[in-house]
Amino acid sequence: MLGKLSLRQILILGVALGILLPALVVGRFLLVDRYERELDLRVRTPMSQYADMLSSAMAVPVWNVDKEVATQFVKAVMRDPAVLQVTVEDESRSQFVHIEIAERRIGEVMHEERPIFLNNKQIGKVIIELSTGRLDHDLLIDFLKLGGAILAQVLISFGFILLLFERRIVHPLQALQNITADLARGKLDKAVIWHRKDEIGSFANSLDKMRLDLGALLSERDLKNEILQQELNDRLRAEQALRFTEEKFTAIFHASPVAMTVFRKTTSFTMIDVNDAWVRQFGWSHDDILNSPEKQIALWRNKEDLDAVMQNVEHHGEIHDYEAWLHCGHQEKILLCNISGRLIRLSEESLLVLVQEDITEKRHNESEIRTLNSSLERRVSERTNALEIANSELTIVLENLQRAQHELLRTEKMAALGSLVAGIAHELNTPIGTSVTIASTLQQHTEQIIAGMKTGMRRSTLDEFLQNTRNGTDILMRNLGKASELVVSFKQVAVDQTSANRRLFVLDETIAEIVLTLGPTIRKTRHEVVYTIPPKIILDSYPGPLGQVLTNLINNAFIHAFEGDTRGVVDISAKLFEEDRVEIVVSDNGKGIPAANLGRIFDPFFTTKLGQGGSGLGLNIVYNLVTGVLDGHISVDSIIDQGTIFIISLPLTVFKK
């Protein structure tokens, strides 16, 4: 029933009950308490006093049978409007005096008895009755006045409280109700602002927080809806992909060139599908083999093979390379098949996929191959004997070739050394010849001075002799110094080229000495050798073999790269890389090497100038020295009519002994 009342009605009813119920409960308690007090004060206590007084006063009149005196006493008591009647009885219990006012019998009647004693002997008794009617009438008037006062107080309090409820509760609640309705309609952009700091203010703040939380929840819901929609789309795409995959694998299954069978595993294995290759291989149709368990068993020549395959799959989950004979439909033909398969689980089903590869022809071919191999082994043995004889002859020929190669290498080195000696001799001829001429001239002038001193000479003649001697000695020292420098370089190069002594050397100084030593040979040509070597590159290696390598590369460029009146340039450069290696590049601007010859230029005895000064061992010596003694590697690159580049990579420290 309360559910049908509005909030205002419920508040009014609550206020009314809150005021009236305490007033009624407290008022009733007060009324009962006052009634009891007034009853004691106006009825019970006087009645007890009247009874005691009459009991004492009636002893003599009753004993003397003086009714007049007794009546006076009784009338005196009856003047109290609450006294209803008084009865005095004598010793024989007959009424001695009796006075009653019947109109006072209103309300509750209370009575009290007292014995009348004379000389400790009871001679009668007094009975007195009092009525509460007057008390009830007076209290009723008082109660009505009190009720009116309480009612007025309640009405005033109720009006004040109702006004307070209207202003402080009902109106704010109606405003909050409107705000809540806006929130329910989804209007979350308007903030709930409430300046009161009471419970309704806290409620308004809670509503604002709820608005913010609802906004966040709605945003989160929208985001989750988007995610769910995305997941739904993904699931739809996955289902489409699954259907496509299923169709694709079904197509692959039937398009497979290998015979395949699918079994469903329950309590036993039941054949549920075969592919087209299986039908072609065995000659059974799909319906014939799938609808006839007897034909499925008859497919196997030996039922023990079927049991063995299924037991292996049951125990291990797969089987590999099991060979068994199987029947082919109605053709009375049997095939030897290699059987492999695996047990897979899809959803709630366990499926066995078997591959039955026909190896009948393969085994037949293997048998023929084994027969052929036995005959081939005999033929191979015969040919091996013949090859061993041929190998022994080739070994002898190879040894002869190696001796010839070593002899040619020695001859090549001696020829290079002879050319070097001839060049150095030519270079030394000029400074030494000049020095001899100057020395002989000085000797002649000295003899003339000695002869002149004996006969006497002029000071001008001595000054001229001293000046000529100074000039001659200067020319002599310069030429002898040049000759000494040539001898030192020749000695160092000669020692390095004829020995493989390992030592520390500076790369730029060593290459400068090598180029200086080759000066006579270079000046006989129209070509030029330039070098750009960074300073302070120190190698712990073999400078002799390195000089031989550079000499052979320079001579090879002069012989093969430049033809006619070409003025060629051989450029030597170097750089460090990988912290422990140096790269030396020897390039020329000659005619280049054909691509067909690039892979053969390091082979011994390969030359394009056979009979024209080329032995075919120069670059082979270079390759052997670089990869052997110098512990490096060499590569070549060439472009026709643009030149050739030799790239030599060497370690800064040779680790070979």
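**Exercise 1. Find the residue that stands opposite Thr87 in S2.**

Step 1. Begin with the strands, which are DSSP runs of E with at least two residues, while helices are runs of H or I with at least four, all numbered from the N terminus. Strand S1 covers residues 83–89 and is joined to S2 by 5 bridges, the two running antiparallel. Two strands count as paired if DSSP finds at least two bridges between them.

Step 2. Look across to S2: His98 is the residue opposite Thr87.

Before going on, a word on the model: it is predicted, so local features need pLDDT of at least 70 and side-chain atom pairs count only at pLDDT 80 or more, while totals for chains, interfaces and linings use all residues. Residues are numbered from 1 along each chain as its sequence is written, and side-chain values use heavy atoms, with hydrogens and water left out.

**Exercise 2. Place S1 and S2 in their sheet, and find the helix that packs on this sheet.**

Step 1. Read the strand order: S2-S1-S4-S3, an open sheet of 4 strands with antiparallel pairing.

Step 2. Look for the edges. They are S2 (95–100) and S3 (109–118), each pairing on one side only.

Step 3. Check the turn between neighbouring strands: on average 10 degrees, direction ignored. Axes here are lines fitted to C-alpha atoms, for helices over the stretch in contact, and angles run from 0 to 180 degrees between N-to-C directions.

Step 4. Add helix H3 (residues 67–78), which packs on the sheet and touches S1, S2 and S4 (121–131). Contact means heavy atoms within 4.5 Å. The direction of H3 makes about 30 degrees with that of S2.

**Exercise 3. Follow the bridges from S7 through S8 to S9.**

Step 1. S7 (residues 318–328) and S8 (residues 333–346) run antiparallel, joined by 9 bridges. Here Tyr322 has Ile339 in S8 as its bridge partner.

Step 2. Next, 10 bridges join S8 to S9 (residues 349–358), again antiparallel. Arg342 stands opposite Val353 in S9.

**Exercise 4. Decide whether Thr510 is buried or exposed.**

Step 1. Locate Thr510 in helix H12 (residues 507–517).

Step 2. Apply the cut-offs: buried means under 20% relative accessible area, exposed over 50%, and partly exposed in between, with a 1.4 Å probe and protein chains only. Thr510 counts as buried because its relative accessibility is 6%.

Step 3. List its contacts: leaving out residues up to four places away in sequence, Thr510 touches Phe505 and Pro543.
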